[in-house]
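User: I am new to reading protein models and would like to understand the reasons behind some of the labels. Could you take me through a few of them?

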Amino acid sequence: MSRDAARIRRNDYGILTPPALGAWTPELTVTVVIPAHDRQETLDLTLAALAAQSYPADLLDVIVVDDGSAPPLRLPDLRPAATRLVPSAPGGWGRAWALQTGIDAASGEIVLVLDADMVPHRGHVEAQSRWHHLAPYLVVLGWIDFTADAVLPAPAEVREALDAGNEDKLFHLSPLRHDWAEKIIEEHDGLRTAPSALAARVHVGATASYPAALLRRIGGLDTSLVLAEDTELGYRLAQAGAVFVPDPDARAWHLGLPTAMRDWAALKRYNDPFVADRVPHRRYLRVNQGRQWLVPYIDCVVDGEHPYEDVRATVDGLLAASLPDVRVTVTGPWPDLGSGRRHPLHDPDLDLRLIHATFEHDPRVRLTPPESPPPGAAAPYRLTVPPGWMPGHDTLQRLTEHLDEHDLGALCVALAEQSDGVVVARLERTAALARAALLTGPDEHPDDVIHEVFGVEWVDGESWGFVRRPKVYPPRRRPLTELEQQALQHEKEVTRLRRRAAALQAEMSQLRREAGKAERDAVRWREKAEAWRQEAVRLARARERTVLKRAVRRVRDLTFPDQ
């Protein structure tokens with residue numbers, strides 16, 4: 001199959017047949033980027049393993065980025081011929097910053113990222129690169145084994161083991177693995193049946209490869225992140241239409257256990273706020289209903305070049321949705337409005353000015369020119385609603401759940417039929433739009449391609465909660481009649497009396513409980529008093545017997561003194 005013609009449906013890369021290792025002729029150049037900080041000993045092993053790769057040496061180069069190591073890193077003698085050591089770009093630090101420095105300097109058509117504590121098997125680069133020869137939008141994930149050795153071998157031993165095909169014997173295998181990732185991969189047929197959001201979750205940056213053009217098109221790494229940069233990158237790759245391919249043949253040793261295994265709780269505590277802000281699919285992290293986030297869950301688009309009342313009603317309905325992380329984009333020629341002298345009530349741009357005045361200071365609403373790209377990372381969904389139509393409170397929630405349940409690319413909602421066609425609201429998956437943009441030919445309609453790679457479905461708007469705006473909008477409250485005012489006052493009085501009655505009932509219940517307790521206490525004290533009385537009688541009788549005995553002895557002594 002031609003590399004440019006491969007049309008993968010969702011994440012099912014099964015239509016591709018990768019060649020067997022050693023049985024094909026590579027053509028694409030590969031740049032391996034290794035970000036490193038104070039990892040000289042393990043870096044030497046990584047480079048020794050790269051020097052023994054089965055991928056053609058003339059198509060392979062390596063960039064080691066020193067992220068402020070002290071002492072600075074050096075290149076060992078045992079390394080690939082085309083290896084460069086560059087310092088991390090000034091102005092930042094951390095893995096993402098160093099990795100972006102390497103990506104900016106990379107010349108390969110494929111960028112393979114490898115951490116400085118990884119020892120790849122001989123076919124590691126070849127196994128990942130063969131997939132990139134089949135389609136230009138694949139993200140290939142290596143397979144990681146963790147070591148249990150405290151003592152590391154020499155670089156020459158690593159090279160010899162790879163040359164002899166004995167990589168499996170280099171280290172003792174740790175019983176710990178990326179169980180959560182491997183479970184997702186196994187349960188979803190190697191990710192072939194995984195939804196795009198779940199497939200992106202498996203993206204772990206210790207060993208992964210990307211088309212260089214795709215990386216640059218999405219802007220590379222988020223260099224503001226110190227941790228969780230691979231999670232955020234995986235999300236944006238998915239939105240760009242990428243397909244995630246885990247390859248068990250692309251094996252590599254991880255020297256020791258990563259931070260995620262050594263201190264998972266602390267790492268999660270640190271990462272969660274950054275991930276919640278940037279990865280909308282992590283719904284369990286966005287539990288606060290009143291919050292707004294850097295990357296919204298849905299970007300709603302409304303054409304602002306319509307009557308003020310229609311646009312306002314639609315935007316109001318979208319902002320009132322049960323989903324909190326919604327951003328509304330109102331398109332229009334806002335920069336062209338100008339501020340010159342005009343008649344306020346007969347201005348030809350009056351409706352645009354009223355829309356601008358209504359939403360200018362709402363942080364949830366963006367006023368942008370048509371076709372203006374959204375800033376930052378794209379939301380996973382885009383909903384386009386024609387002005388004058390209002391969604392129900394839970395319409396957006398239901399639509400996105402339906403799209404996710406069926407893993408669709410687009411959901412077309414038929415609102416009304418007019419003489420010039422059907423009025424449609426449209427919910428689209430950003431990943432599907434991006435995939436279609438990569439694959440659509442000059443004579444094709446994008447919807448045909450979206451349907452081919454994800455699926456398109458039509459539904460009825462009324463059943464999903466869409467309604468026309470009220471005739472008068474914004475709604476106006478007329479003055480209440482005297483009868484309505486009296487009814488309202490009576491209702492308030494009834495409510496007050498009900499609350500008072502409830503309070504009295506609660507008070508009576510409390511008094512009953514207290515009276516019952518007092519009665520129980522009285523019975524208990526009566527029983528104790530009776531016991532005390534009986535004890536007093538017993539003691540009195542005992543005392544009387546003692547006195548009587550003494551009197552008898554006294555009389556006896558007086559009567560018979562000599563006895």
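User: Why is Asp-316 called partly exposed?

Analyst: This is a predicted model, and in it Asp-316 has a relative accessibility of 22%. Buried means under 20% and exposed means over 50%, so a value of 22% falls in between and Asp-316 counts as partly exposed.

User: What makes the contact of Asp-316 and Arg-312 a salt bridge?

Analyst: The side chains of Asp-316 and Arg-312 meet at 3.3 Å, N to O, and because a salt bridge needs a side-chain nitrogen of Lys or Arg within 4 Å of a carboxyl oxygen of Asp or Glu, the pair qualifies. The two residues are four apart in helix α11, and are therefore separated by about one helical turn.

User: Why is Asp-325 called buried or exposed, whichever applies?

Analyst: Asp-325 has a relative accessible area of 2%, and since buried means under 20%, Asp-325 is buried. Its salt-bridge partner is Arg-283, with the closest N and O atoms 2.7 Å apart. Asp-325 lies in the loop between α11 and β10 and Arg-283 in the loop between α10 and β9, so the pair ties together parts that are 42 residues apart in sequence.

User: How do you know that Arg-556 is accessible enough to belong to a positive surface patch?

Analyst: Arg-556 has a relative accessible area of 46%, and patches are made of residues with over 30%, so Arg-556 passes that cut-off. Arg-556 is found in helix α16, and the patch includes, among others, Arg-553 and Lys-549.

Technical notes
Residues are numbered from 1 along each chain as its sequence is written. This is a predicted model: local features need pLDDT of at least 70, side-chain atom pairs count only at pLDDT 80 or more; totals for chains, interfaces and linings use all residues. Side-chain values use heavy atoms; hydrogens and water are left out. Patches are made of residues with over 30% relative accessible area and no salt bridge: like charges are joined within 9 Å, nonpolar side chains (Val, Leu, Ile, Met, Phe, Trp, Tyr) within 5 Å. Accessible areas come from the Shrake-Rupley method with a 1.4 Å probe; for residues, only the protein chains shown count as cover. Lys and Arg count as positive and Asp and Glu as negative; His and the chain ends are not counted. The place of a charge is taken as NZ of Lys, CZ of Arg, CG of Asp or CD of Glu. Buried means under 20% relative accessible area, exposed over 50%, partly exposed in between (1.4 Å probe, protein chains only).
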